[in-house]
Amino acid sequence: MRLHRLEITAFGPFGTAQTVDFDTLSSAGLFLLHGPTGAGKTSVLDAVCFALYGSVPGVRQSPGASLRSDHAPVGTYTEVLLELTVGERRLEITRRPAQQRPKKRGTPGFTTEKAQTWLREYDPATGEWAGLSRSHQEIGEEITQLVGMSREQFCQVVLLPQGDFAKFLRADAEARGKLLGRLFDTRRFAAVEERLADLRRAAEQQVREGDERPPPPSPTA
C-alpha cells in the first residue's frame with residue numbers, strides 16, 4: 001500500500017483544510033513525522049485510519065467523542081480524503097462522519113447529517129476517476145480485502161501507538177513481552193500453547209498409570 005495524498009478538513013485540531021503530499025515527502029526515501037505536543041501528528045495518522053476504515057484508533061473513537069475540530073467554521077464539513085495505491089489499484093476514499101450542520105430551511109438551528117463515504121478509482125487509460133460506491137459496507141469490505149488487515153490489525157501493526165512505543169523502549173524483557181502480547185493480540189497463541197501443555201500432561205499421566213499398573217497374571221499351564 002502506498003499513500004499519495006491526504007486532505008483533512010475540520011478534523012481533530014485542523015480547523016481548515018490541510019493537505020499532506022506523501023509523494024513529495026517520500027521522494028527521497030523515508031520521512032519523519034515530528035513536531036511539538038499538540039501539533040497534530042497523531043491526528044494525521046487518525047485521518048489515514050478514518051479514511052480507510054471509517055473510525056480512529058482506540059479511545060479516540062469512544063462513544064461521545066467527536067472527530068470535528070473545535071476550530072472549524074460553522075458550515076464547513078468535517079471531511080477526510082485519502083488517495084492511495086493498493087493492490088495495483090489507485091483509489092480515492094472520501095469520508096464525512098455524522099455531524100451537525102446549520103438548517104437550510106425552517107427554524108434556525110442545527111440538524112444532524114448522516115455519515116457519508118465515497119470510493120473512486122483512477123483509470124490510467126482515460127485519465128479520469130470513476131465512482132465505485134457510496135455504501136459504507138461495500139467500501140469497508142473492499143478496503144479490508146485489499147489492505148489485507150482489519151482496522152484493529154492495521155492499528156496494531158501499522159499505527160503503533162506513540163505512548164505504547166515509548167513504554168516498549170523503556171520496558172524490561174518481561175514487560176515488553178506483555179506489551180507485545182497486548183498490541184498484537186497473541187492470546188490465541190497462548191491458548192494453543194496451554195492446550196498443548198494440557199495434552200502433554202495428560203499423556204504423561206497415562207504413561208505413569210501404565211507403568212504403575214501391575215502386570216497381568218501369567219497364564220497357567
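Two residues are in contact when they have heavy atoms within 4.5 Å of each other. This is a predicted model, in which local features need pLDDT of at least 70 and side-chain atom pairs count only at pLDDT 80 or more, while totals for chains, interfaces and linings use all residues. Residues are numbered from 1 along each chain as its sequence is written, and side-chain values use heavy atoms, with hydrogens and water left out.

A starting point is His4, which lies in strand S1 (residues 2–9); strands (E, at least two residues) and helices (H or I, at least four) are DSSP runs numbered from the N terminus. Leaving aside neighbours within four places in sequence, His4 is in contact with residues including Val20, Phe22, Leu84 and Arg90. With a relative accessibility of 5%, His4 counts as buried, a word that stands for under 20% relative accessible area, as exposed does for over 50% and partly exposed for values in between (1.4 Å probe, protein chains only).

The largest nonpolar core, a set of buried Ala, Val, Leu, Ile, Met, Phe, Trp, Tyr and Cys residues joined through side-chain atoms within 4.5 Å, has 30 residues, and those with the most contacts inside it are Leu6, Phe11, Leu52 and Phe154. Its largest share, 8 residues, comes from helix H2. Leu52, again leaving aside neighbours within four places in sequence, is in contact with Ile143 and Phe154, among others.

In helix H3, Ile139, Ile143 and Val147 are buried, whereas Gln137 and Gln145, on the other side of H3, are exposed. After H3 comes Gly148, whose phi is positive, near 85°.
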